[in-house]
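User: Hello! I would like a close look at one part of this protein, and then a walk outward from there.

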Amino acid sequence: MKIPYLAVKNITRKPFRSIALILSVALVSGLLFAGAISMKGVLTSISLGAKRLGADLMVVPEGYEEKVRTTLIAGKPSPVYMPSDVLEKVRKVKGVKQASPQLFIKAAVYPCCTDVDAILIAFDPSTDFTVSPWLKGAIDRPLGKDEVVIGRSIPVEKGAEMTFYGKALTVAGYLSDTGFEYIDHGVFMTFETARDMIRQSKEKAVEPLKIAEDSISTVLVQLDPSVSPERGAVFVEYEVKGVKAIASQDVVGAVKAQLLVLLKILLSVGFALWVVTLVLITVVFSMIVNERQREIAILRSLGAKKQSVFSLITLEALIISVIGGNVGIGIGGVALYFLKKPVMAAFKLPYLWPDNVFIISAGAGTLLVSVITGIAAVFYPAFRCSRMEPYEAIRKGE
C-alpha cells in the first residue's frame with residue numbers, strides 16, 4: 001500500500017479535525033495573500049499617481065493644505081479658491097520654471113452615476129505641463145470647448161454627454177486606471193469651459209455655483225533643477241502672502257505614512273495568527289501520533305521503514321497545508337476584491353489592482369509559506385513517531 005494513499009485515507013478518516021487544520025492554514029495564507037496584493041496595489045498607485053501629478057509644488061490658500069491632500073488622495077473635492085493673480089506672483093518667484101493654474105469644482109450628482117463622487121478639474125492648455133502630457137493617451141487632439149476627458153471610475157462612454165450645473169459636456173476620451181482618486185474620478189476640462197459653466201449655472205442650475213469667474217484652486221509649479229522642492233516652497237511662501245506651497249513628495253509621503261500604519265497592523269495580526277497556527281498544527285499532530293501508535297507499530301512490524309513513517313506523517317501535513325493555502329488564497333483574493341474600496345477609503349489610500357504576474361507570484365509565495373508552516377509544525381511529531389520501536393508502540397497504544 002502506497003504512502004500517498006495512506007496519507008489521504010488518514011486525512012479523510014477524521015474530517016472535522018482535518019477541516020479545522022485546513023481553515024487554520026487558510027486564515028494565515030488568506031491574510032498574507034491579501035496583504036501582499038494590497039501593499040503592492042497601493043505602492044503602484046502612489047508611484048503612478050505621483051508621476052501623473054507631474055509638479056514639484058502645489059500652491060494653495062493658506063490653511064487648506066489638508067483639504068487639497070484629501071482631494072488628491074481620496075478624490076473628495078473641497079471648496080478651495082483664491083484669486084487668479086496669485087498665478088502671476090508665483091511665476092515671479094526665484095526658482096520657478098513653470099506655473100499653471102487648476103480649478104477644483106465638486107460635481108453635482110448626475111443621474112447616470114449617483115454612486116460616483118466626481119471632481120471637475122479645469123486646467124489651462126496654454127500653460128499646463130501636468131495634465132496635457134497624459135491626456136495624449138486619451139485624445140489625439142487639443143481638448144475643445146464643452147469637451148471633457150474623464151477618469152476610469154466614471155462609467156460614461158466616449159461620445160456621451162454629461163451635464164453639470166445645467167451645462168452639457170461631451171466626453172472626448174477617458175484616462176487609464178491609476179488608483180489615484182484625483183485622476184480616476186476626475187472630469188478634466190479647459191478653463192474656458194469651466195468659466196462658461198459657472199456663468200450658465202446662475203440661470204440653468206438647480207444650485208448655482210458660487211465661484212468668482214477668475215478663481216483658481218491651486219497653482220502647480222515646476223522648479224528649476226537647481227532648486228529643491230523644500231527650498232522652492234520656502235521661496236514661494238515668503239514672496240506670496242496667504243498661500244502654502246505643498247511639495248508633491250509630501251503628498252506621497254502622507255500616503256506612505258498611512259500605508260505604514262496599515263502594514264504594521266497586517267504584520268502584527270499575521271504574525272500572531274502564524275504562531276497560533278504553527279502551535280495548533282504541532283499540538284494536533286502530536287495528538288494524532290499518540291492516537292495512532294498501535295497503527296504505526298503494525299506498519300513497522302510489516303516492514304515499513306522509519307523513513308516511510310516519517311514521510312507518511314509529513315505528507316499528511318503537506319496535503320493539509322496545500323489545500324489550506326489554496327483555500328486561503330482564494331478567500332483572501334475574493335475578500336480583497338469586494339472589500340478593497342471601503343478599506344482603502346477608510347485609510348484614505350489610493351489603490352490600483354496589481355498585474356497578473358505579481359498576483360501569481362504572490363499566490364506562489366503564499367503557498368510556499370503555507371507548506372513551510374505545515375512541515376515545520378509537523379517535523380517533531382513525525383520525527384518522534386518514526387523513532388518508536390514496534391513493540392513499545394504497540395504496548396503504549398493498547
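User: Which loop is D146 found in? Please start there and tell me what surrounds that part of the chain.

Analyst: Happy to help. Please keep in mind that this is a predicted model. D146 is found in the loop between α5 (131-135) and β5 (147-150). The backbone there deserves a look: D146 is not a glycine, yet has a positive phi of about 65°. Its relative accessibility is 25%, so D146 counts as partly exposed, the range for that class running from 20% to 50%.

D146 has a companion in this respect. Y165 is not a glycine either, and has a positive phi of about 50°. Y165 lies in the loop between β6 (161-164) and β7 (167-174). With a relative accessibility of 13%, however, Y165 counts as buried, because the limit for that class is 20%.

From Y165 you can step to L120, since Y165 is among the residues in contact with L120. Setting aside sequence neighbours within four places, the other contacts of L120 are L103, F104, I105, A107, F164, V187, M189 and M197. L120 also belongs to the largest nonpolar core, which has 44 residues. Within that core, the members that touch the most others are L120 itself together with V90, F164, V187, M189, V219 and V221. A second, separate core has 16 residues, with F123, V149, A172 and Y182 among them. As background, nonpolar side chains tend to be buried together in soluble globular proteins.

F123 leads on to T190, which sits in strand β8 (residues 186-190). Not counting residues up to four places away in sequence, T190 touches A122, F123, P125 and L143. The side chain of T190 is also joined to that of T193 by a polar contact of 3.1 Å. T190 has a relative accessible area of 5%, so T190 is buried.

Now for the empty spaces inside the model. A search of the whole structure finds two cavities of 30 Å³ or more. The largest holds about 70 Å³ of space. Ten residues line the largest cavity, and N10, R17, S18, I288 and E316 lie nearest its centre. The elements giving two or more residues to that lining are α1 (3-13), α2 (15-53), α9 (248-291) and α11 (306-347), and α2 has the largest share, with three residues. By class, the lining of the largest cavity has five nonpolar, two polar and three charged residues.

The second largest cavity has a volume of about 50 Å³. Its lining is made up of V25, V28, S29, L32, W274, T277, T366, V369, S370 and T373. Here α2, α9 and α12 (356-386) are the elements that give two or more residues. The lining of this second cavity divides into five nonpolar and five polar residues, with no charged ones.

Finally, the wider setting. The chain has 13 helices and eleven strands, and 48% of its 398 residues count as buried. Taking contacts between residues at least 6 apart in sequence, 78% join residues at least 24 apart. If you return to the display with this in mind, a handy route runs from D146 in its loop to Y165 in the loop between β6 and β7, then to L120 through its contact with Y165.

Methods:
Residues numbered from 1 in each chain as written. Predicted model: local features only at pLDDT ≥ 70, side-chain atom pairs only at ≥ 80, totals over all residues. Heavy atoms only, no water. 1 Å grid on protein atoms, 1.4 Å probe; cavity = no way out; pocket = protein on both sides within 12 Å on 5 of 7 lines; lining within 4 Å. Points joined across faces, edges and corners; volume = space filled by probe spheres on them. Helix = DSSP H or I, 4+ residues; strand = E, 2+ residues; numbered from the N terminus. Nonpolar A, V, L, I, M, F, W, Y, C, P; charged D, E, K, R; others polar. Core = buried A, V, L, I, M, F, W, Y, C linked by side-chain atoms within 4.5 Å. Buried < 20%, exposed > 50% of the residue type's maximum accessible area, 1.4 Å probe, protein only. Contact = heavy atoms within 4.5 Å. Polar contact = N/O pair within 3.5 Å; in protein donor to acceptor, adjacent residues only side chain to side chain.
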